[in-house]
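Q: I have a protein–DNA model open and want to go through it with you. Could you start with the DNA side?

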Amino acid sequence: MPELAEIETLRSDLQAEFAGYQIDRVEVSGRRSVRRHPDAAAFTRRLLGRQVRAVARKGKFLLVHLDSTDVLVAHMGMSGQLRRVEAGSPKSLHTHVSVSFAGAFDLHFVDPRTFGQMFVSNADLPELAHLGPDPLEIDEARLGGLVASRPTKLKVILMDQSIISGIGNMYADEILHAAQLRPDRPGRDLSPADISNLSAATHRVLGEAVARRGSTLADRQYKDLYGAAGTYQELHRVYAREGKPCSRCGELVARSRSNGRSNFYCPGCQR
DNA sequence: CGATTATCCTGTGCGC
DNA sequence: TGCGCACAGGATAATC
């Protein structure tokens, strides 16, 4: 699933491919992918003729800053993919938005399950105001402040985008394993040493995942701008590894369920 | 407040 | 071989 590492990979490639180029054509199929707007025309109108200044990221949201005061915002949801394709390429199945750049490639937004979306907002981005800080941009003390006061389970805290933004189910499980902390540990039970481990694990796991251009699972739902897979899944220790031996202690990886989500963890070395 | 559940959606993979 | 269904989970709303 596209989480922080996958979105960051898209961000850097989008920046390299499209910064400085002007949007000269926008095609929207259906309304659902641009559902924040009253209709597709309201979305398209604010993009046509605009030049891309820079591409940023906030949590799992991509922010394409334009030469107006507007920002094109994209969220991949569960199954969204962005693809750089040759100009004028036909839209494959589930391609909901196509953006053409003058004298350059087209950008296709493909999203079978339609949980993703695109919209244009102003520079203040009120739609994203609820998001917490990026986990890569906060230090141990700041993370401790966000976690240590809460009675909530660690897994829930890590995945709550209003507390920290960018971590989903997959990286939450990997981070907690790296920190040797159980997903159901209440945040306020953590010792200073636990907080230290959690902070280090967060930076290590997400940093390495970005370096490896994200995780592409068996379902192939994530591919990068060029259709290539990431490789961080090769380093997964627990996610989708139920019943396999833990790489740290040899105990079998367990799976529990809460909030309608799977939790993969090692009962042997996560406390 | 926190915890839990339902909703949206389609492709996949399992059991029978 | 084919059918039906559970599952995958990001964000949000509703309910307890």
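Q: Which residues come nearest to DNA strand C?
A: Phe115, Asn169, Tyr239, Arg255 and Arg257 come nearest among the 18 residues around DNA strand C, where a residue is near a strand if one of its heavy atoms lies within 4 Å of it. This is a predicted model, in which local features need pLDDT of at least 70 and side-chain atom pairs count only at pLDDT 80 or more, while totals for chains, interfaces and linings use all residues. Residues are numbered from 1 along each chain as its sequence is written, chains are lettered from A and ligands numbered from 1 in the order in which they are written, and side-chain values use heavy atoms, with hydrogens and water left out.

Q: What does Asn169 touch on the strand?
A: A backbone N or O atom of Asn169 lies 2.7 Å from a phosphate oxygen of DNA strand C.

Q: And which part of the strand does Arg261 reach?
A: A polar side-chain atom of Arg261 lies 2.8 Å from a base nitrogen of DNA strand C, and Arg113 likewise places a polar side-chain atom 2.8 Å from a base nitrogen of that strand.

Q: How much of the strand's contact is sugar or phosphate?
A: Of the atoms of DNA strand C within 4 Å of the protein, 56% belong to sugar or phosphate, and the rest belong to bases.

Q: Switching topic, how much space lies in the largest pocket?
A: About 660 Å³. Of the 26 residues that line this pocket, Met78, Met159, Gly168, Asn169 and Arg261 are the closest to its centre.

Conventions:
On a 1 Å grid over the protein atoms alone, a cavity is a set of points where a 1.4 Å probe fits but cannot get out, and a pocket is an open set with protein on both sides within 12 Å along at least five of seven lines; lining residues have an atom within 4 Å of a point. Grid points are joined across faces, edges and corners, and a volume is the space filled by probe spheres set on the points. A polar contact is a pair of N or O atoms within 3.5 Å; within protein, one must be able to donate a hydrogen and the other to accept it, and residues adjacent in sequence count only if both atoms are side-chain atoms.
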